[in-house]
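Me: I am new to this structure and would like a close look at one part of it. Please keep the sentences short, and link that part to its surroundings.

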Number of protein chains: 2
Amino acid sequence: METLRLYDFLPSGNGYKLRLLLTQMGMPFERVEVNILKGETRTPEFLSKNPNGKIPVLEIEPGKYLAESNAILVYLSEGTEFLPYDRFLRAQVLQWLFFEQYSHEPFIATPRFWISILGKEKENHAAIKQKQELGYVALKVMEKHLTSRKFFVGERYTIADIALFAYTHVADEGGFDLIQFPAIQAWIEQIKALPGYISINQE
Amino acid sequence: METLRLYDFLPSGNGYKLRLLLTQMGMPFERVEVNILKGETRTPEFLSKNPNGKIPVLEIEPGKYLAESNAILVYLSEGTEFLPYDRFLRAQVLQWLFFEQYSHEPFIATPRFWISILGKEKENHAAIKQKQELGYVALKVMEKHLTSRKFFVGERYTIADIALFAYTHVADEGGFDLIQFPAIQAWIEQIKALPGYISINQE
């Protein structure tokens, strides 16, 4: 089998999802850093890999590319302990993956990007406040769900947890305060203690 | 088997995805209209079905609920002609489903909601322009992809087409002009001619 190649940007939570899963699966991969701040996802070469111009992209074999972090999570985890086999549980995993991309990531990742990656908090003050409000709505949904559960789906650690963990555990870098979410905090600590855990800054 | 129950809002493209798929699959279902404009997704009763307070929600059997339109599409289409069996093709379908929810729907559905459903174009003029700009980026990605293909994945009509069709074919209701996208237009006409096609306003 070819070594998987991951086109990635180290601070990206979406890239981190895949680094974390691949490491926990014990699957070797080669990381190619693509600096999104320097326009490296907008070159003709990168656009030939993902016409939507976003990392992460997984090169499964030479010339065979897959984009969208959560689609890649599903692709990699099929047939493993990280994705349930049961049809309804699998559907619930997908439900949380779509929740993450639609109701969570745009509001929790973006303030972090503006504040901690671009260093442009003042310039984006109003937009950050607006995003944070919706981010807190997503965190409340997560808190409620986790109050009676250890993990998001089927009482087991799955890619639903990985997808939601990626930006939630660094939400403070986007100005969020998790103090009001004890169940989320306990879930974060639980994931950090799992075998094969790596941090978001670890290459 | 129980009859599937779909909590839905007729003008919703996300709800329409499921009406279209279920009809094309020949699967009977009961539609329950939930008027999102009257706060009916914010009642304690509805929030017990989907804590994220959004339609569509599929009730698979009494008390067993699934949210997120694209997760429901996958759940319903598994093992049918609408979702490829091949692992990489299936991953490509998911890639487009996540593209739709992250890079397409927020920018193409929202102007339609403000203009044609709420009738509040003037009040949201600046926000509409901003969304439309990003909506056109998504349409360009689709146009490029469809220029050399009849359908999004594997040269066959799949739930990737259904998900992207839902809001694209009514993009004009959000002020988009599809005249510059001939491949998208041909793809729309092709879908409208498929067996079992129903329109978005058809209960």
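Into which domains is chain A divided, and which residues does each one take? Start there, then look closely at helix α1.

Reply: First, a caution: this is a predicted model. Chain A is divided into two parts. Domain 1 takes residues 4-77, and domain 2 takes residues 87-192. Their C-alpha centres lie 21 Å apart. The two domains touch, and 11 residues from domain 1 of chain A and 11 residues from domain 2 of chain A take part in the contact. On the domain 1 side, two elements give two or more residues each: α1 (13-25) and α3 (69-77) of chain A. The largest share comes from α1(A), with six residues. By class, this side of domain 1 of chain A has six nonpolar residues, four polar ones and one charged one.

Now turn to the other chain. A rotation of 180°, with 0.0 Å of shift along its axis, superposes chain B on chain A with an RMSD of 0.0 Å. The two copies are therefore related as by a two-fold rotation axis.

Here is the close look, taken in chain B. Helix α1 of chain B covers residues 13-25, which makes 13 residues. At 1.5 Å a residue it should span 18 Å, and its end C-alpha atoms are indeed 18 Å apart, so the expected and modelled spans agree. Is this helix enclosed or open? Of its 13 residues, 10 are buried, so α1(B) is largely enclosed by the rest of the structure. The buried ones start with Gly13(B), Asn14(B), Gly15(B), Tyr16(B) and Lys17(B). Leu18(B), Arg19(B), Leu20(B), Leu21(B) and Leu22(B) are buried too. What do they pack against? The partners are β1, β2 (29-33), β3, α3, α4 and α6 (159-168) of chain B. Just after the helix comes Gly26(B), with a positive phi of about 70°.

Two of those partners, β1 and β3, pair with each other. Strand β1 (residues 4-8) of chain B runs antiparallel to strand β3 (residues 57-61) of chain B, and three bridges join them. Leu6(B) stands opposite Leu58(B) in β3(B). Strand β3(B) also runs antiparallel to β4(B), through four bridges. One pair here is Val57(B) with Ala67(B), its bridge partner in β4(B). β3(B) and β4(B) form a hairpin with two residues between them. Gly63(B), in the turn, has a positive phi of about 85°.

Other partners of the helix, α3 and α4, lead on to the chain contact. There, 22 residues of chain B are in contact with 22 residues of chain A. On the chain B side, β4 (64-67), α3 (69-77), α4 (87-117) and α5 (125-146) each supply at least two residues. The largest share is nine residues, from α4(B). The chain B side divides into 12 nonpolar, six polar and four charged residues. Why can the copies be said to meet through the same surface? The reason is that 100% of the interface residues of chain B are also interface residues in chain A. As for the rotation axis, Tyr102(B) comes closest to it among the residues of chain B, with its C-alpha at 3.0 Å.

To put the helix back in place: α1(B) is largely enclosed, and its buried residues pack against both strands and helices of chain B. In chain A, α1(A) gives six residues to the side of domain 1 that touches domain 2.

Conventions
Residues numbered from 1 in each chain as written. Chains lettered and ligands numbered in written order. Predicted model: local features only at pLDDT ≥ 70, side-chain atom pairs only at ≥ 80, totals over all residues. Contact = placed C-beta atoms within 7 Å. Nonpolar A, V, L, I, M, F, W, Y, C, P; charged D, E, K, R; others polar. Pairing = 2+ DSSP bridges. Domains from an automatic or database assignment. Least-squares fit on C-alpha atoms with pLDDT ≥ 70 in both. Expected span 1.5 Å × (residues − 1). Buried ≥ 20, exposed ≤ 12 C-beta atoms within 10 Å, placed from the backbone.
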